[in-house]
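Here are some short exercises to try with the sequence and the 3D view side by side. Have a go at each task before you read its solution.

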Amino acid sequence: MTTSPTPHANSLQLSIVIPCYLEAESLRTLLPAIQAGATALTPSFEILIVDTEQPMDDTAALCHLHGVRHIHRSGGNQYGDAVRTGIREARGRYILSMDADGSHDPRFFPSIWSKRDAFDIVIGSRYMAGGHTENPAILIWMSYVVNLTFRLVFSIHAKDVTNSLRLYRADVLRPLTLQSGDFDILEEILIKAITKNPALRIAEVPITFGRRKAGESKRKLVQFAFGFLKTLQKLRKFQQAARREAQTAGREAQTANSRTEAK
(Lines give C-alpha, C1' and ligand atoms only; values in the text may rest on other atoms or scores of the structure.)
Protein backbone atom coordinates (compact mmCIF):
# COMPACT_ATOMS: atom_id res chain seq x y z
CA MET A 1 0.00 0.00 0.00
CA THR A 2 1.54 3.31 -1.08
CA THR A 3 1.86 6.16 1.44
CA SER A 4 3.56 8.88 -0.61
CA PRO A 5 2.00 12.29 0.20
CA THR A 6 2.11 13.59 -3.38
CA PRO A 7 -1.40 13.52 -4.90
CA HIS A 8 -1.76 11.58 -8.16
CA ALA A 9 2.01 10.84 -8.24
CA ASN A 10 1.57 7.12 -8.93
CA SER A 11 -2.12 6.54 -9.26
CA LEU A 12 -3.51 3.67 -7.24
CA GLN A 13 -6.55 1.64 -8.15
CA LEU A 14 -8.62 2.75 -5.16
CA SER A 15 -8.75 5.65 -2.69
CA ILE A 16 -11.14 5.23 0.24
CA VAL A 17 -11.95 8.75 1.42
CA ILE A 18 -13.48 9.18 4.88
CA PRO A 19 -14.39 12.63 6.28
CA CYS A 20 -13.97 12.63 10.06
CA TYR A 21 -15.12 15.00 12.78
CA LEU A 22 -14.53 13.69 16.30
CA GLU A 23 -14.83 10.08 15.17
CA ALA A 24 -11.77 8.52 16.83
CA GLU A 25 -13.89 6.20 18.95
CA SER A 26 -15.57 4.72 15.88
CA LEU A 27 -12.32 4.50 13.93
CA ARG A 28 -10.74 2.21 16.52
CA THR A 29 -12.89 -0.67 15.30
CA LEU A 30 -13.73 0.60 11.82
CA LEU A 31 -10.22 1.04 10.40
CA PRO A 32 -9.19 -2.63 10.67
CA ALA A 33 -12.45 -3.67 8.98
CA ILE A 34 -11.91 -1.16 6.16
CA GLN A 35 -8.34 -2.33 5.66
CA ALA A 36 -9.46 -5.95 5.44
CA GLY A 37 -12.28 -5.06 3.07
CA ALA A 38 -10.04 -2.99 0.79
CA THR A 39 -7.33 -5.67 0.70
CA ALA A 40 -9.92 -8.15 -0.58
CA LEU A 41 -10.69 -5.80 -3.51
CA THR A 42 -7.22 -4.83 -4.72
CA PRO A 43 -3.64 -4.68 -3.42
CA SER A 44 -3.39 -1.15 -4.86
CA PHE A 45 -5.31 1.08 -2.45
CA GLU A 46 -5.05 3.86 0.09
CA ILE A 47 -7.26 4.88 3.00
CA LEU A 48 -7.46 8.64 3.41
CA ILE A 49 -8.85 10.08 6.64
CA VAL A 50 -9.85 13.74 6.17
CA ASP A 51 -9.84 15.20 9.67
CA THR A 52 -10.82 18.59 11.10
CA GLU A 53 -8.72 21.67 10.31
CA GLN A 54 -7.08 21.49 13.73
CA PRO A 55 -6.68 18.34 15.88
CA MET A 56 -9.72 17.73 18.10
CA ASP A 57 -9.07 14.13 19.22
CA ASP A 58 -6.53 11.35 18.68
CA THR A 59 -7.58 10.54 15.10
CA ALA A 60 -4.08 11.30 13.78
CA ALA A 61 -2.47 8.87 16.24
CA LEU A 62 -4.95 6.14 15.26
CA CYS A 63 -4.18 6.66 11.59
CA HIS A 64 -0.46 6.40 12.29
CA LEU A 65 -1.03 3.21 14.28
CA HIS A 66 -2.92 1.60 11.38
CA GLY A 67 -0.69 2.98 8.62
CA VAL A 68 -3.35 5.02 6.81
CA ARG A 69 -3.08 8.53 5.40
CA HIS A 70 -4.24 11.34 7.66
CA ILE A 71 -4.74 14.90 6.44
CA HIS A 72 -6.52 17.98 7.74
CA ARG A 73 -9.28 19.45 5.62
CA SER A 74 -8.77 22.94 4.24
CA GLY A 75 -11.15 25.81 3.55
CA GLY A 76 -13.25 25.28 6.67
CA ASN A 77 -14.49 22.62 9.06
CA GLN A 78 -17.69 21.64 7.26
CA TYR A 79 -18.43 18.31 5.63
CA GLY A 80 -18.19 19.86 2.16
CA ASP A 81 -14.66 21.09 2.94
CA ALA A 82 -13.66 17.54 3.85
CA VAL A 83 -15.14 16.14 0.63
CA ARG A 84 -13.36 18.71 -1.54
CA THR A 85 -10.08 18.09 0.28
CA GLY A 86 -10.45 14.34 -0.09
CA ILE A 87 -11.12 14.54 -3.84
CA ARG A 88 -8.12 16.80 -4.30
CA GLU A 89 -5.78 14.55 -2.31
CA ALA A 90 -6.98 11.13 -3.49
CA ARG A 91 -4.61 9.32 -5.84
CA GLY A 92 -6.80 6.43 -6.89
CA ARG A 93 -8.37 5.70 -10.25
CA TYR A 94 -11.55 5.11 -8.24
CA ILE A 95 -12.69 6.97 -5.13
CA LEU A 96 -14.88 5.22 -2.58
CA SER A 97 -16.46 7.61 -0.09
CA MET A 98 -18.01 6.51 3.20
CA ASP A 99 -18.92 7.72 6.68
CA ALA A 100 -16.63 7.36 9.68
CA ASP A 101 -19.32 6.50 12.23
CA GLY A 102 -19.70 2.81 11.41
CA SER A 103 -23.03 3.19 9.58
CA HIS A 104 -21.37 1.95 6.37
CA ASP A 105 -20.24 -1.65 6.62
CA PRO A 106 -17.17 -2.72 4.57
CA ARG A 107 -18.90 -6.03 3.84
CA PHE A 108 -20.72 -4.18 1.06
CA PHE A 109 -17.46 -3.19 -0.66
CA PRO A 110 -17.36 -6.22 -3.02
CA SER A 111 -20.83 -5.68 -4.51
CA ILE A 112 -20.07 -1.98 -5.09
CA TRP A 113 -16.58 -2.66 -6.51
CA SER A 114 -17.87 -5.33 -8.88
CA LYS A 115 -19.76 -2.69 -10.91
CA ARG A 116 -16.83 -0.33 -11.42
CA ASP A 117 -16.17 -1.25 -15.07
CA ALA A 118 -19.76 -0.86 -16.25
CA PHE A 119 -20.70 2.32 -14.35
CA ASP A 120 -19.27 5.76 -13.54
CA ILE A 121 -20.89 6.09 -10.10
CA VAL A 122 -22.07 3.25 -7.88
CA ILE A 123 -24.28 4.13 -4.90
CA GLY A 124 -24.86 2.00 -1.83
CA SER A 125 -28.65 2.22 -1.66
CA ARG A 126 -30.98 1.99 1.31
CA TYR A 127 -34.10 2.34 -0.79
CA MET A 128 -33.76 -0.13 -3.65
CA ALA A 129 -34.97 -3.71 -3.33
CA GLY A 130 -32.87 -5.46 -0.69
CA GLY A 131 -31.74 -2.21 0.95
CA HIS A 132 -32.40 -1.43 4.59
CA THR A 133 -31.78 1.25 7.21
CA GLU A 134 -31.67 0.93 10.98
CA ASN A 135 -32.71 4.53 11.66
CA PRO A 136 -35.97 5.33 13.54
CA ALA A 137 -39.11 5.32 11.39
CA ILE A 138 -39.53 9.12 11.41
CA LEU A 139 -35.99 9.63 10.08
CA ILE A 140 -36.50 6.96 7.44
CA TRP A 141 -39.70 8.67 6.27
CA MET A 142 -38.07 12.12 6.17
CA SER A 143 -35.06 10.78 4.29
CA TYR A 144 -37.27 8.96 1.79
CA VAL A 145 -39.27 12.13 1.05
CA VAL A 146 -36.06 14.13 0.58
CA ASN A 147 -34.66 11.50 -1.78
CA LEU A 148 -37.89 11.27 -3.78
CA THR A 149 -37.99 15.06 -4.22
CA PHE A 150 -34.38 15.24 -5.37
CA ARG A 151 -34.93 12.39 -7.84
CA LEU A 152 -37.96 14.04 -9.40
CA VAL A 153 -36.74 17.65 -9.43
CA PHE A 154 -33.28 16.90 -10.81
CA SER A 155 -34.04 13.78 -12.90
CA ILE A 156 -31.54 11.63 -11.03
CA HIS A 157 -32.07 7.98 -11.92
CA ALA A 158 -31.28 6.53 -8.50
CA LYS A 159 -33.42 5.75 -5.48
CA ASP A 160 -30.88 6.87 -2.86
CA VAL A 161 -29.25 10.19 -3.77
CA THR A 162 -28.26 11.30 -0.25
CA ASN A 163 -26.23 8.34 0.95
CA SER A 164 -22.48 8.96 0.98
CA LEU A 165 -21.37 5.34 0.47
CA ARG A 166 -20.41 5.64 -3.20
CA LEU A 167 -17.78 4.55 -5.66
CA TYR A 168 -16.81 7.14 -8.26
CA ARG A 169 -14.55 7.05 -11.24
CA ALA A 170 -12.09 9.72 -10.12
CA ASP A 171 -12.08 11.45 -13.50
CA VAL A 172 -15.80 12.14 -13.01
CA LEU A 173 -15.19 13.93 -9.71
CA ARG A 174 -12.00 15.88 -10.31
CA PRO A 175 -13.32 18.31 -12.98
CA LEU A 176 -16.31 19.35 -10.81
CA THR A 177 -16.30 22.71 -9.04
CA LEU A 178 -18.14 21.94 -5.80
CA GLN A 179 -19.49 24.70 -3.57
CA SER A 180 -21.76 23.22 -0.91
CA GLY A 181 -20.60 23.39 2.67
CA ASP A 182 -22.83 20.77 4.23
CA PHE A 183 -24.08 17.28 3.35
CA ASP A 184 -25.91 18.64 0.31
CA ILE A 185 -22.57 18.40 -1.49
CA LEU A 186 -23.62 14.78 -2.11
CA GLU A 187 -26.57 15.90 -4.22
CA GLU A 188 -24.47 18.64 -5.82
CA ILE A 189 -22.00 16.02 -7.06
CA LEU A 190 -24.73 14.00 -8.78
CA ILE A 191 -26.49 17.05 -10.24
CA LYS A 192 -23.34 18.57 -11.70
CA ALA A 193 -21.92 15.27 -12.94
CA ILE A 194 -25.16 14.35 -14.72
CA THR A 195 -25.62 17.84 -16.14
CA LYS A 196 -22.10 17.88 -17.57
CA ASN A 197 -22.47 14.36 -18.94
CA PRO A 198 -26.09 13.24 -19.52
CA ALA A 199 -24.80 9.80 -20.57
CA LEU A 200 -23.26 9.23 -17.14
CA ARG A 201 -23.88 5.68 -15.94
CA ILE A 202 -25.17 5.33 -12.35
CA ALA A 203 -25.82 2.03 -10.59
CA GLU A 204 -27.05 1.13 -7.11
CA VAL A 205 -26.43 -1.89 -4.93
CA PRO A 206 -28.51 -2.68 -1.84
CA ILE A 207 -26.90 -2.05 1.55
CA THR A 208 -27.93 -1.91 5.17
CA PHE A 209 -27.37 1.53 6.68
CA GLY A 210 -26.52 0.86 10.32
CA ARG A 211 -26.82 2.99 13.42
CA ARG A 212 -23.70 4.94 14.28
CA LYS A 213 -21.39 2.93 16.53
CA ALA A 214 -20.13 5.79 18.72
CA GLY A 215 -20.24 9.56 19.15
CA GLU A 216 -22.89 12.05 18.05
CA SER A 217 -24.40 12.38 14.60
CA LYS A 218 -23.29 15.40 12.56
CA ARG A 219 -26.32 15.09 10.26
CA LYS A 220 -29.16 17.22 11.60
CA LEU A 221 -31.95 15.87 9.42
CA VAL A 222 -34.73 17.79 11.17
CA GLN A 223 -32.96 21.12 10.65
CA PHE A 224 -32.20 20.08 7.08
CA ALA A 225 -35.88 19.33 6.47
CA PHE A 226 -36.90 22.83 7.62
CA GLY A 227 -34.36 24.34 5.23
CA PHE A 228 -35.37 21.99 2.44
CA LEU A 229 -36.81 24.60 0.07
CA LYS A 230 -33.71 26.75 0.47
CA THR A 231 -31.54 23.73 -0.33
CA LEU A 232 -33.61 22.94 -3.42
CA GLN A 233 -33.25 26.51 -4.63
CA LYS A 234 -29.49 26.41 -4.15
CA LEU A 235 -29.12 23.08 -5.94
CA ARG A 236 -31.29 24.34 -8.80
CA LYS A 237 -28.87 27.26 -9.25
CA PHE A 238 -25.97 24.81 -9.31
CA GLN A 239 -27.76 22.81 -12.00
CA GLN A 240 -28.41 25.90 -14.11
CA ALA A 241 -24.77 27.01 -13.81
CA ALA A 242 -23.57 23.54 -14.81
CA ARG A 243 -25.85 23.62 -17.87
CA ARG A 244 -24.40 26.99 -18.92
CA GLU A 245 -20.87 25.64 -18.51
CA ALA A 246 -21.71 22.56 -20.57
CA GLN A 247 -23.28 24.68 -23.32
CA THR A 248 -20.26 27.02 -23.40
CA ALA A 249 -17.87 24.08 -23.59
CA GLY A 250 -19.94 22.59 -26.42
CA ARG A 251 -19.88 25.82 -28.40
CA GLU A 252 -16.12 26.19 -27.90
CA ALA A 253 -15.53 22.62 -29.04
CA GLN A 254 -17.71 23.18 -32.11
CA THR A 255 -15.82 26.38 -32.96
CA ALA A 256 -12.47 24.61 -32.56
CA ASN A 257 -13.63 21.79 -34.86
CA SER A 258 -14.81 24.28 -37.46
CA ARG A 259 -11.45 26.04 -37.44
CA THR A 260 -9.66 22.74 -37.81
CA GLU A 261 -11.83 21.74 -40.77
CA ALA A 262 -11.29 25.15 -42.38
CA LYS A 263 -7.54 24.60 -42.34
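**Exercise 1. Find where L22 sits in this predicted model, and describe its phi angle and its exposure.**

Step 1: Look for L22 in the loop between β1 and α1 (24-41).
Step 2: Check the backbone there. Phi of L22 is positive, about 55 degrees, although this residue is not a glycine.
Step 3: Turn to the surface. Buried means under 20% relative accessible area and exposed means over 50%, with partly exposed in between. L22 has 38% relative accessibility, so it counts as partly exposed.

**Exercise 2. Do the same for S155: give its place, its phi and its exposure.**

Step 1: S155 belongs to the loop between α5 (137-154) and β7 (166-169).
Step 2: Its phi is near 55 degrees, again a positive value in a residue other than glycine.
Step 3: With 47% relative accessibility, S155 counts as partly exposed.

**Exercise 3. Work out how many disulfides there are, using C20 and C63.**

Step 1: Recall the cut-off: a disulfide needs two cysteine sulfur atoms within 2.5 Å.
Step 2: Start from C20. The closest cysteine sulfur is in C63, and because it lies 6.8 Å away, it is too far for a bond.
Step 3: Now start from C63. Its nearest cysteine sulfur is that of C20, 6.8 Å away, and C63 is in no disulfide.
Step 4: The count by this rule is 0 disulfides.
Step 5: Are these two cysteines buried or exposed? C20 has 0% relative accessibility, so it counts as buried. C63 also counts as buried, because its relative accessibility is 0%.

**Exercise 4. Count the cavities of 30 Å³ or more, then describe the lining of the largest cavity.**

Step 1: Rolling a probe the size of a water molecule over the atoms shows where empty space is left.
Step 2: The count comes to 1 cavity of 30 Å³ or more. The largest cavity holds about 110 Å³ of space.
Step 3: Pick out its lining in the 3D view: V17, P19, Y79, V83, G86, I87, I95, S97, Y168, L173, L186 and I189.
Step 4: Which elements give two or more residues to this lining? They are β1 (12-19), α3 (79-89), β4 (92-97) and α7 (185-196). The most comes from α3, with 4 residues.
Step 5: Sort the lining residues by character. You should get 10 nonpolar, 2 polar and no charged.

Technical notes:
Residues numbered from 1 in each chain as written. Predicted model: local features only at pLDDT ≥ 70, side-chain atom pairs only at ≥ 80, totals over all residues. Heavy atoms only, no water. 1 Å grid on protein atoms, 1.4 Å probe; cavity = no way out; pocket = protein on both sides within 12 Å on 5 of 7 lines; lining within 4 Å. Points joined across faces, edges and corners; volume = space filled by probe spheres on them. Nonpolar A, V, L, I, M, F, W, Y, C, P; charged D, E, K, R; others polar. Buried < 20%, exposed > 50% of the residue type's maximum accessible area, 1.4 Å probe, protein only.
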